[in-house]
Amino acid sequence: MTQRVLVVDDDRTVADVVCRYLTHAGYEVDHVGDGLGALAAVARQPPHLVVLDLMLPGLDGLAVCRRLRERPDGVPIVMLTARGDEADRVLGLQLGADDYLSKPFSPRELVLRVQSVLRRAGGEPAAVAPAVLRDDGLEVATGPRVARLHGRELALTVREFDLLAHLMRHPARAFRRAELLDRVWGWNFGDQSTVTVHVRRLREKIEVDPANPRRILTVWGVGYRYQRADG
């Protein structure tokens with residue numbers, strides 16, 4: 001089945017280029033130019049992924065991202081930001097965007113990012129890792145991509161799920177942020193604060209006290225590691 005991508009950008013020139021490259025890559029592409037139109041399009045026919053510009057008329061990209069994250073389907077989001085909008089970019093990641101690109105960007109890189117997020121969202125082969133990772137009431141099923149804490153399903157984004165699964169597969173091992181960016185996001189370049197933001201979001205969802213985490217620990221001067229309850 002052809003995967004559908006919704007492009008949300010009010011700059012017609014940028015949108016035309018993005019749509020053309022994504023179509024050439026084999027995706028079915030729809031385009032809307034404002035936030036309310038994006039929400040209506042997703043409600044009408046949920047896409048497999050949304051490419052979302054931050055600067056939109058009416059309802060901006062952050063508000064759209066927030067509304068999309070209220071949906072149960074967890075549609076992946078790749079956010080487009082202006083180069084200097086670091087605060088908005090971090091906020092977008094905190095709201096649940098799976099990846100971002102700063103304008104101006106390479107359309108080819110955008111296609112690669114879309115492919116990476118969709119590949120992660122589609123699940124990993126069973127041979128790569130155990131079917132279910134378990135630790136003290138936390139269960140992560142890598143096949144159906146479902147995470148539960150004490151029986152309650154967690155609302156994780158694509159990257160949050162991948163980050164949690166990767167850390168749980170390697171308990172007690174400290175990973176540098178650059179390593180996590182490479183192994184989870186699939187990039188050996190980029191803003192490492194992306195990892196920091198996703199760790200913060202994960203802690204809010206799996207820790208009893210996110211300010212004093214017991215599962216995902218900070219290794220000062222290095223990065224992060226997962227601490228099992230029995231370890």
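Q: In what order do the five strands of the open sheet stand?
A: In this predicted model, five strands form an open sheet, and their pairing is parallel. The twist from one strand to the next averages 20°. Read across the sheet, the order is S2-S1-S3-S4-S5.

Q: Which strands stand at the edges of this sheet, and why is one side of each left without a neighbour?
A: A strand at the edge has a single partner strand, so one side of that strand is left without a neighbour in the sheet. This applies at both ends of the order S2-S1-S3-S4-S5. The edge strands are S2 (28-32) and S5 (99-103).

Q: Which residue in S5 stands opposite Ala82?
A: Strand S4 covers residues 77-82 and runs parallel to S5. Five bridges join S4 to S5. Opposite Ala82 stands Lys103.

Q: At about what angle does helix H1 run to S2?
A: Helix H1 is formed by residues 12-24. This helix lies across strand S1 (4-8), S2 and strand S3 (49-53). Its angle to S2 is about 170°.

Q: Which helix lies across S3 and S4?
A: The helix in question runs at about 155° to S3. It consists of residues 61-68. The helix is H3.

Q: How many residues stand between S7 and S8 in their hairpin?
A: Strand S7 (residues 138-141) and strand S8 (residues 146-149) pair in the antiparallel sense over four bridges. Ala141 has Val146 in S8 as its bridge partner. In the turn, Arg145 has a positive phi of about 60°. The number of residues between the two strands is four.

Q: Which residue in the turn between S8 and S9 has a positive phi?
A: S8 pairs with strand S9 (residues 152-153) in the antiparallel sense over two bridges, and Leu149 stands opposite Arg152 in S9. The two strands form a hairpin with two residues between them. The residue in the turn with a positive phi, of about 50°, is His150.

Q: Is His170 buried, partly exposed or exposed?
A: His170 is found in the loop between helix H6 (158-169) and strand S10 (175-176). Its relative accessible area is 26%. Buried means under 20% and exposed means over 50%, with partly exposed in between. His170 is therefore partly exposed.

Q: What distance separates the C-alpha atoms of His170 and Arg214?
A: Along the chain, His170 and Arg214 are 44 residues apart. In the model, the separation of their C-alpha atoms is 16 Å.

How values were computed. Residues numbered from 1 in each chain as written. Predicted model: local features only at pLDDT ≥ 70, side-chain atom pairs only at ≥ 80, totals over all residues. Heavy atoms only, no water. Pairing = 2+ DSSP bridges. Axes fitted to C-alpha atoms, helices over the stretch in contact; angles between N-to-C directions. Contact = heavy atoms within 4.5 Å. Buried < 20%, exposed > 50% of the residue type's maximum accessible area, 1.4 Å probe, protein only.
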